[in-house]
Amino acid sequence: MPDTNIGETKKYSVIVNAVIASQEGKILLTQRGFQEEHGPGTWSIPGGKLEFSGVVYEALQKTAAKEAMEETGVEIEEEMQLIANNTFQHDEDALQVVAMVFLCRYKSGEPKPLEDTADVRWIGVEEIDNFEFHNINVKNYVLKGFEILKKDKI
């Protein structure tokens, strides 16, 4: 079947998200700022657009670390585990999004709401239904993080 999209310009964005786990097995949530274009006031995880170049995996790790620090003031360990990759399209602007989600280990820093963030909270798995998430994918990323933490018993 011929490609009917030939000649169309598509917009793409690579997003890197960090599911940050504490030593106690909790995960850090961020509340999106109330001025945010997508899902203002809803709960999410630190993340943003891929900004680094070079070796792809290292660029993804650097982006996850940068976003965690900018949004929450938290430093994460260098080693992280890819737990999900997802593609979707924004309805409002047809932007094709590739989302890479990493399980990251907390290293240091006192979490606080910073850039584009209204609030931050460490939560246990039993608290997850108390939060309105930006979308179901984000909730699933957090649940996947809890599943891995339980299995690894960290």
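This section describes the pockets, the salt bridges and a nonpolar surface patch of a predicted model.

The pockets come first. The largest pocket holds about 820 Å³ of space. Its lining comprises 33 residues, and those closest to the centre are Ile-15, Arg-32, His-38, Gly-47 and Gly-48. Six elements are listed as giving two or more residues to this lining: strands S1 (12-21), S2 (27-32), S4 and S6 (96-108), together with helices H1 and H2 (136-152). Helix H1 contributes the most, with 4 residues. By residue class, the lining of the largest pocket splits into 13 polar, 12 charged and 8 nonpolar residues.

The second largest pocket encloses about 170 Å³. Glu-58, Gln-61, Lys-62, Ala-65, Glu-75, Ile-76, Glu-77, Glu-78, Met-80 and Lys-107 line this pocket. Two elements, H1 and strand S5 (75-89), each supply two or more of these residues. Strand S5 gives the most, with 5 residues. The lining of the second largest pocket divides into 6 charged, 3 nonpolar and 1 polar residue. Helix H1 thus appears in the linings of both pockets: it gives 4 residues to the largest and two or more to the second largest.

Salt bridges were examined next. The model contains 7 salt bridges. One of them joins Lys-66 to Glu-51, with the closest N and O atoms 3.1 Å apart. Lys-66 sits in helix H1, whereas Glu-51 sits in the loop between S4 and H1, so this pair ties together parts that are 15 residues apart in sequence. Lys-66 also pairs with Glu-70, and here the closest N and O atoms are 3.0 Å apart. Both Lys-66 and Glu-70 belong to helix H1. They are 4 residues apart, about one turn of the helix. Glu-70 counts as partly exposed because its relative accessibility is 26%, a value in between the 20% limit for buried and the 50% limit for exposed. These contacts are part of a wider arrangement: Glu-51, Lys-66, Glu-67 and Glu-70 are linked in a network of salt bridges.

A further salt bridge connects Lys-107 with Glu-75, the closest N and O atoms being 3.6 Å apart. This pair links distant parts of the chain. Lys-107 is in strand S6 and Glu-75 is in strand S5, 32 residues apart. Lys-107 has a relative accessible area of 45%, so it is partly exposed. Glu-75 is also partly exposed, at 32% relative accessibility. Both Lys-107 and Glu-75 are among the residues that line the second largest pocket.

The last feature is on the surface. Val-55, Tyr-57 and Leu-82 form a nonpolar patch there. Together, these three residues have about 260 Å² of accessible area. Val-55 lies in the loop between strand S4 (47-49) and helix H1 (56-72). Its relative accessibility is 53%, so Val-55 counts as exposed, the cut-off being over 50%.

In brief, helix H1 recurs across these features. H1 gives the most to the lining of the largest pocket, holds the Glu-70 and Lys-66 pair, and borders the loop that carries Val-55.

How values were computed
Residues are numbered from 1 along each chain as its sequence is written. This is a predicted model: local features need pLDDT of at least 70, side-chain atom pairs count only at pLDDT 80 or more; totals for chains, interfaces and linings use all residues. Side-chain values use heavy atoms; hydrogens and water are left out. Patches are made of residues with over 30% relative accessible area and no salt bridge: like charges are joined within 9 Å, nonpolar side chains (Val, Leu, Ile, Met, Phe, Trp, Tyr) within 5 Å. Accessible areas come from the Shrake-Rupley method with a 1.4 Å probe; for residues, only the protein chains shown count as cover. A salt bridge is a side-chain nitrogen of Lys or Arg within 4 Å of a carboxyl oxygen of Asp or Glu. Buried means under 20% relative accessible area, exposed over 50%, partly exposed in between (1.4 Å probe, protein chains only). On a 1 Å grid over the protein atoms alone, a cavity is a set of points where a 1.4 Å probe fits but cannot get out, and a pocket is an open set with protein on both sides within 12 Å along at least five of seven lines; lining residues have an atom within 4 Å of a point. Grid points are joined across faces, edges and corners, and a volume is the space filled by probe spheres set on the points. Ala, Val, Leu, Ile, Met, Phe, Trp, Tyr, Cys and Pro count as nonpolar, Asp, Glu, Lys and Arg as charged, and the others, Gly among them, as polar.
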